[in-house]
Amino acid sequence: MIKSCVIGLSKIGQIHCNNLKKIKNTSLNFVYDKNLTLRNKTAKKFKCQTSKNFEEILKNKEIKLFIIASPTTTHEYYLNKLIQYKKMIYCEKPISLNASKINSLVKRIKSNRIKICIGLNRRFSDAYIRMKKLIKNKKVKIIQIISRSSNANVQQSVRNGGLFMDKGFHFFDLACWFANSLPNKIITIANPLSTREFLKNNDYSDAVINMKLKNKVIVEYIFSRSSRLGHEERIRLFGNSFKIDSDRFFKKSIIYKNFDIKHKESYFKCLKKFTSLNKNLLFNEGIQTQKICDEVLRSARIN
Ligand SMILES: NC(=O)c1ccc[n+]([C@@H]2O[C@H](COP(=O)([O-])OP(=O)(O)OC[C@H]3O[C@@H](n4cnc5c(N)ncnc54)[C@H](O)[C@@H]3O)[C@@H](O)[C@H]2O)c1
């Protein structure tokens, strides 16, 4: 049994708590959040322990797996602590906000032989797995990805790394996964499309990104922090004689629902796979995607 602790207990942390209870070889033993009311309420809900002192949980040798589901601004702090205590880590995407620190973090993770997974759970979404199977022997030429969210909160976006790291991370990874390639050219237009509220906070609300991948696949992204319909997430794959539209693979009633409903099973499957493996999961892909986010941001700033 892998005894575990979840750090950060808002929507995403609660999903992980539920899943740790469901997976056969894991147990949820501790939860931690800087918010006292939330951590006590969550400990009661999941019948597990909590502590006001994170170090106390860290020093408990029985607790092997920690899930980092706190804001991205805190990831680097928790990663460093967990590496020091040689814990097994499931880190929500993105890894860190600070691009310049990524290399040294990665070095420490490798040299300490830490078992780690980066939460690129969209790869485990039933719809996207079916799409990936459909293109097995086909040549995809163009990928279009639209992600628009409703009720977006500028502070939450900033805490989680801004439009490209927070929203873009899954989609940059998915495009590379569908195309089996990596970008070699990126053009981002964001400033003229974005609202003042986001720009004042050094973030963007809207962007159009074009990427050319090394294998010549073209990827077009439309990102927005507003949407009248609800949450829109749509991926279309085009080839010479085919078009595959992700909307086909979701029930009509959930097409405009939030990620936690549309891709509910993907969190469970990703965590389950990680806990059953004897090695890292999606670590190199996470590092690669982090680099893509930085390039997209660089392009947004110069265009
Ligand atoms: N995989 C996905 O699809 C997905 C979806 C949403 C968010 N995320 C990621 O999950 C992480 C959390 O995102 P969120 O939107 O839930 O964040 P959030 O800003 O809502 O905060 C999450 C929780 O962390 C707590 N917290 C804040 N600072 C803390 C600290 N220093 N120590 C412990 N707890 C602290 C807050 O009280 C809150 O309960 C981010 O990294 C985000 O990018 C991933």
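What percentage of the 303 residues of the protein count as buried? In this predicted model, 43% of the 303 residues count as buried, and the legends below move from the whole chain to single residues.

**Figure 1. The whole protein, with 12 helices and 12 strands.** The secondary structure of this model comes to 12 helices and 12 strands. The radius of gyration is 19 Å, close to the 19 Å that the globule rule gives for 303 residues, so the protein is as compact as a globular protein of that length. Along the principal axes, the C-alpha trace spans about 55 × 45 × 40 Å. Among contacts between residues at least 6 apart in sequence, 71% join residues that are at least 24 apart.

**Figure 2. The two domains and the side of domain 1 that touches domain 2.** The domain assignment gives domain 1 as residues 2–121, while domain 2 is made of two stretches, 122–263 and 282–302. The centres of the two domains, taken over C-alpha atoms, are separated by 26 Å. Where the domains meet, 17 residues of domain 1 are in contact with 20 residues of domain 2. On the domain 1 side, the elements that give two or more residues are helix α1 (11–22), helix α5 (99–111) and strand β6 (116–118). Sorted by class, this side of domain 1 has 12 nonpolar, 3 polar and 2 charged residues.

**Figure 3. The open sheet with parallel pairing.** This sheet holds 6 strands in the order β3-β2-β1-β4-β5-β6, and the pairing is parallel. The edge strands are β3 (49–50) and β6, each of which pairs on one side only. Strands β5 and β6 run parallel and are joined by 3 bridges, and in this part of the sheet Tyr90 stands opposite Cys117 in β6.

**Figure 4. The open sheet with mixed pairing.** The order of the 6 strands here is β8-β9-β10-β7-β11-β12, and the pairing is mixed. The edges are formed by β8 (183–189) and β12 (243–245), which each pair on one side only. On average, and with direction ignored, neighbouring strands of this sheet are turned by 10° against each other. Helix α8 (residues 162–179) packs on the sheet, where this helix touches β7, β9 (206–213), β10 (218–224) and β11, and the direction of α8 makes about 155° with that of β7. Helix α12 (residues 283–302) lies across β8 and β9, and runs at about 45° to β8.

**Figure 5. Strand β11 and the strands that pair with it.** Strand β7 (residues 142–148) and strand β11 (residues 232–238) pair in the antiparallel sense over 7 bridges. Within this pairing, Ile146 stands opposite Arg234 in β11, and the bridge partner of Ile143 is Leu237. Strands β11 and β12 also pair in the antiparallel sense, over 3 bridges, and the two form a hairpin with 4 residues between them. Leu237 stands opposite Ile244 in β12. The covered face of β11 has Glu233, Ile235 and Leu237, whereas the uncovered face has Glu232, Arg234, Arg236 and Phe238.

**Figure 6. A cis peptide bond before Pro94.** Most residues other than glycine have a negative phi, and most peptide bonds are trans. In this view, however, the bond that joins Lys93 and Pro94 is cis, with an omega of about -15°. Pro94 is placed in the loop between β5 (88–91) and α5.

**Figure 7. Two residues with positive phi, Lys86 and Leu282.** Lys86 is a residue other than glycine, and its phi is near 50°, a positive value. This residue is found in the loop between α4 (75–84) and β5. Is Lys86 buried or exposed? Lys86 counts as exposed, because 12 C-beta neighbours lie inside 10 Å and a residue with 12 or fewer is taken as exposed. Leu282, likewise a residue other than glycine, has a positive phi near 55°, and lies in the loop between α11 (264–276) and α12. Leu282 is buried, with 23 other C-beta atoms within 10 Å, because the cut-off for a buried residue is 20 or more.

Terms used. Residues numbered from 1 in each chain as written. Predicted model: local features only at pLDDT ≥ 70, side-chain atom pairs only at ≥ 80, totals over all residues. Domains from an automatic or database assignment. Contact = placed C-beta atoms within 7 Å. Nonpolar A, V, L, I, M, F, W, Y, C, P; charged D, E, K, R; others polar. Rg over C-alpha atoms; globule rule 2.2 N^0.38 Å. Pairing = 2+ DSSP bridges. Axes fitted to C-alpha atoms, helices over the stretch in contact; angles between N-to-C directions.
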